[in-house]
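Please look through the sequence and the model below, which the following paragraphs take up step by step.

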Amino acid sequence: MNTISPDQSPEKYEEKHVHEVYEQIASHFSSTRYKPWPIVQRFLQELPSGSVGLDVGCGNGKYLTVNPNVFIVATDRSENLVKIASQHRPHSSVIADNLSLPHPSSFFDFAISVAVVHHLSSHLRRVQAIAAVLGTLRPAPEPEQSGPDSKNVGGKALIYVWALEQKTSRRGWDEGDEQDVMVPWVMKTKSTQLSNEKSETFHRYYHLYRQGELEGDIAEAGGRVVESGYEKDNWWAIAVRNK
């Protein structure tokens with residue numbers, strides 16, 4: 001696999017093996033991403049009407065239409081994917097990096113980060129990415145403001161990452177395998193001259209999360225997990241900010 005060389009910064013590595021790839025495959029990638037994942041759909045549909053939140057790493061914006069009673073500011077590092085996501089009105093879509101989100105802190109009712117954090121190429125950067133999302137959430141109110149028995153925990157974030165433990169999938173990874181991998185994306189196009197189909201393969205960097213690792217990163221980022229689980233080769237967690 002392509003590992004980060006000592007003289008190559010994580011930023012440059014991700015630019016080549018994540019950002020440039022998604023810019024090139026954006027349209028093809030979008031055509032394969034149309035069905036909401038069940039846990040994400042449930043999370044969004046259970047939000048109170050009028051909630052305002054973020055979709056960090058929104059891709060083509062497929063989650064923007066799940067709940068018409070909430071407003072979402074969607075961000076992605078890929079300009080081409082943001083162009084596709086911007087079709088989902090009245091939601092807002094902007095180009096932004098997960099590590100430098102252009103949003104006010106302590107403001108949003110919810111956030112989702114689906115299949116994004118695993119593209120950061122170091123442990124520190126993954127924790128920073130999670131911290132950036134948590135920092136946008138409303139903190140829980142003080143007991144004197146909400147009462148000692150209040151269930152208001154502030155804003156919530158749903159975070160999804162690829163799992164290392166997916167031995168039943170076509171990829172076959174499992175505990176003990178390499179966690180930092182390059183995953184191919186095969187893009188097929190038709191030649192206009194001969195109508196023949198040709199293919200081009202791109203490789204994207206992923207960090208495969210082992211069981212319990214996501215919860216650890218959330219704690220290190222200043223968050224508290226309120227619910228977590230495994231779904232279709234992914235680990236997921238719902239987190240709030242620590243007081």
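The paragraphs below go through the sheet, then one of its strands and a helix.

The model is predicted, so that local features need pLDDT of at least 70 and side-chain atom pairs count only at pLDDT 80 or more, while totals for chains, interfaces and linings use all residues. Residues are numbered from 1 along each chain as its sequence is written, and side-chain values use heavy atoms, with hydrogens and water left out.

An open sheet is formed by 7 strands (DSSP runs of E, at least two residues, numbered from the N terminus), in the order β3-β2-β1-β4-β5-β9-β8 and with mixed pairing; two strands pair if DSSP finds at least two bridges between them. At the edges are β3 (92-95) and β8 (223-231), each of which pairs on one side only. From one strand to the next the twist averages 15°, where axes are lines fitted to C-alpha atoms, for helices over the stretch in contact, and angles run from 0 to 180 degrees between N-to-C directions.

Strand β9 (residues 234-241) runs antiparallel to β5 (residues 156-162), to which 6 bridges join it; the partner of Leu158 in β9 is Ile238, and that of Val161 is Trp235. With β8, β9 pairs in the antiparallel sense over 8 bridges, and here Tyr230 stands opposite Trp235. The hairpin of β8 and β9 has 2 residues between the strands, and in it Lys232 takes a positive phi near 50°. Of the 8 residues of β9, 7 are buried, meaning under 20% relative accessible area with a 1.4 Å probe, protein chains only.

Helix α6 (residues 213-220) lies across β5, β8 and β9, and runs at about 160° to β8; helices are DSSP runs of H or I with at least four residues, and contact means heavy atoms within 4.5 Å.

Methods. Buried < 20%, exposed > 50% of the residue type's maximum accessible area, 1.4 Å probe, protein only.
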